[in-house]
Amino acid sequence: MMNAKRFRNISLDGVLRNNPTLRLVLGTCPTLALSTSAMNGIGMGLAVTFILICSNALISLLRKVIPAAVRIPAYVIIIATFVTIVRMVLDKFIPSLYESMGVYLPLIVVNCIILGRAESFASKNPVLDSACDGLFTGLGFTWALTLIGIVREVLGSGAIFGKELWNFRIEFFGSAAGAFFVYGLMIAIFDGVYRSIETSMRRKKFYRQADAVLAGCGDASMIDDCARRDRAEATATETHTEEN
Amino acid sequence: MTVKQFLKSNAFKCILVLTCIALVASGLLAILNDLLSVSDEERTARAIRSIYGEAVGYEDLTASLDATYASNEYGSIDNLYKLENGALMFKSTGKDGYKGGTVSLWVVAQVDGNGDFVSFEKVVYAENSKQTLMSQFKQSTFDVYTVHNDKIAEGGYWWVTADDAHVSNLVSGATKSSQAVNNAINSALYYLRNVRTGGDAQ
């Protein structure tokens, strides 16, 4: 069973720390091609999320059965099956999204995010962990793609989620060059924000450790012991006061 | 290697596992295909909805296509429908595209009481083969085919370069694909003219 700390790590890794689009720069082809509108971004993101969850869970379930020599062909068959199912469902129920995703929908089979998670995570971890990893990696891909889609749609089409906002539009943002520009900008902004938060958290941790050392708690590894000791002392003092 | 050794070998295990996965996957997909497949009628209704923005009744005339003219020098007519507003809707495929590929269009043509061509009402992209630059063809490119009906009604055809006999519509940088697009229109035009005149039209 997965504990809370592991769940937190898997979710933060997928959504932020190892975000496939903005940190690992994986799945660039659909990111550039399908971020012309926010709806396309959400559609592609959710399709990839569904496939990631299912393929990760199944690959994890079969990880002890699939011989190492044929693991990649086996993963590709499994992923291709789920991609075909998604294609059938979209073609039947959301034909407009199916049309707009075009060739990039079948190309999910060779999407390096899905193959990467299958190879590096699902093949080595239990089913629940792998399904969670698929869910959060997919959500990380979805929000990044949607954000890029929103920026490109607002600037390139003067609309958001298909609803027209104004007449002003810059054609550049609808083009391939605009896609690269917005993608690069998003990576830079995300990296800048991520680093500043990380630095601030490290600084806080450092000051906490330094305070603990100065307070006579010895080295940093003893901070928890010190905290426990302080709490015990405070409880004892409160008890003593009540008794008096 | 004996049979027993082969059955215990890693190679056999690999073959067995891959075969099992492929069989289960194909069985699952076969079942889902039966449940989720989209019929030709549904696709036609979708195409009409995408052209008119609403459902329009139609009669399928594909079975009564005149084979002599359906396949012609410009391409072929894949399907023919008569819409309830009297217009004829072709699914027309133009040949001679990039790398010998094709472009298919939905072409809606208005005809008079005698079946003579009056105008192209709507032209909408359907599909292509081998045309890597089709993304450069916007709906505005196809709308051009609906604004020179007078010239076309006189007997001209569409081409990538304009001359006395042809009207031009070209996407710069995608000349071969433009040719296939023009051919799809011309194929519908050729069919209409020749079916009416018994093959006398040029």
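## Strand pairing in chain B

Two strands count as paired if DSSP finds at least two bridges between them. With that in mind, let's look at this predicted model, beginning with chain B. Strand E4(B), residues 102–111, is joined to strand E5(B), residues 117–129, by ten bridges, and the two run antiparallel. To find your way along this pairing, look for Val108(B), whose bridge partner in E5(B) is Lys122(B). E4(B) and E5(B) make a hairpin with five residues between them, and in its turn Gly115(B) has a positive phi of about 90°.

On to the next neighbour: E4(B) also pairs with E3(B), again in the antiparallel sense, over seven bridges. Here Lys91(B) has Trp106(B) of E4(B) as its bridge partner. How many of the ten residues of E4(B) are buried? Seven of them are, so to speak of the strand as mostly covered is fair.

## From E3 back to E1

Strand E3(B) covers residues 88–94 and pairs with E2(B) over seven bridges, in the antiparallel sense. A handy marker is Lys82(B), which has Leu88(B) in E3(B) as its bridge partner. These two strands form a hairpin as well, with four residues between them; Gly86(B), in the turn, has a positive phi of about 95°.

E2(B), residues 75–83, has another antiparallel partner in E1(B), residues 58–60, with three bridges joining them. Asp60(B) is matched there with Tyr81(B) of E2(B).

## Where chain B meets chain A

Now for the contact between the chains. Chain B contributes 18 residues and chain A contributes 19. Together the two chains bury about 1,600 Å², and carbon and sulfur atoms account for 76% of that area. Which three residues supply more than any other three of the area that chain B buries against chain A? They are Leu18(B), Ile21(B) and Leu36(B), with 33%.

There are also three salt bridges between chain B and chain A. One of them links Asp91(A) to Arg43(B), with the closest N and O atoms 2.7 Å apart. Three residue pairs between the chains are in polar contact, both residues being at pLDDT 80 or more. On chain B, the elements giving two or more residues to the side that touches chain A are helix H2(B), residues 10–36, and helix H3(B), residues 40–52. H2(B) provides the largest share, 13 residues. Sorted by class, this side of chain B has eleven nonpolar, three polar and four charged residues.

Notes:
Residues are numbered from 1 along each chain as its sequence is written. Chains are lettered from A and ligands numbered from 1 in the order in which they are written. This is a predicted model: local features need pLDDT of at least 70, side-chain atom pairs count only at pLDDT 80 or more; totals for chains, interfaces and linings use all residues. Side-chain values use heavy atoms; hydrogens and water are left out. Contact means heavy atoms within 4.5 Å. Buried area is the accessible area (1.4 Å probe) that two parts lose on being put together, summed over both. A salt bridge is a side-chain nitrogen of Lys or Arg within 4 Å of a carboxyl oxygen of Asp or Glu. A polar contact is a pair of N or O atoms within 3.5 Å; within protein, one must be able to donate a hydrogen and the other to accept it, and residues adjacent in sequence count only if both atoms are side-chain atoms. Ala, Val, Leu, Ile, Met, Phe, Trp, Tyr, Cys and Pro count as nonpolar, Asp, Glu, Lys and Arg as charged, and the others, Gly among them, as polar. Buried means under 20% relative accessible area, exposed over 50%, partly exposed in between (1.4 Å probe, protein chains only).
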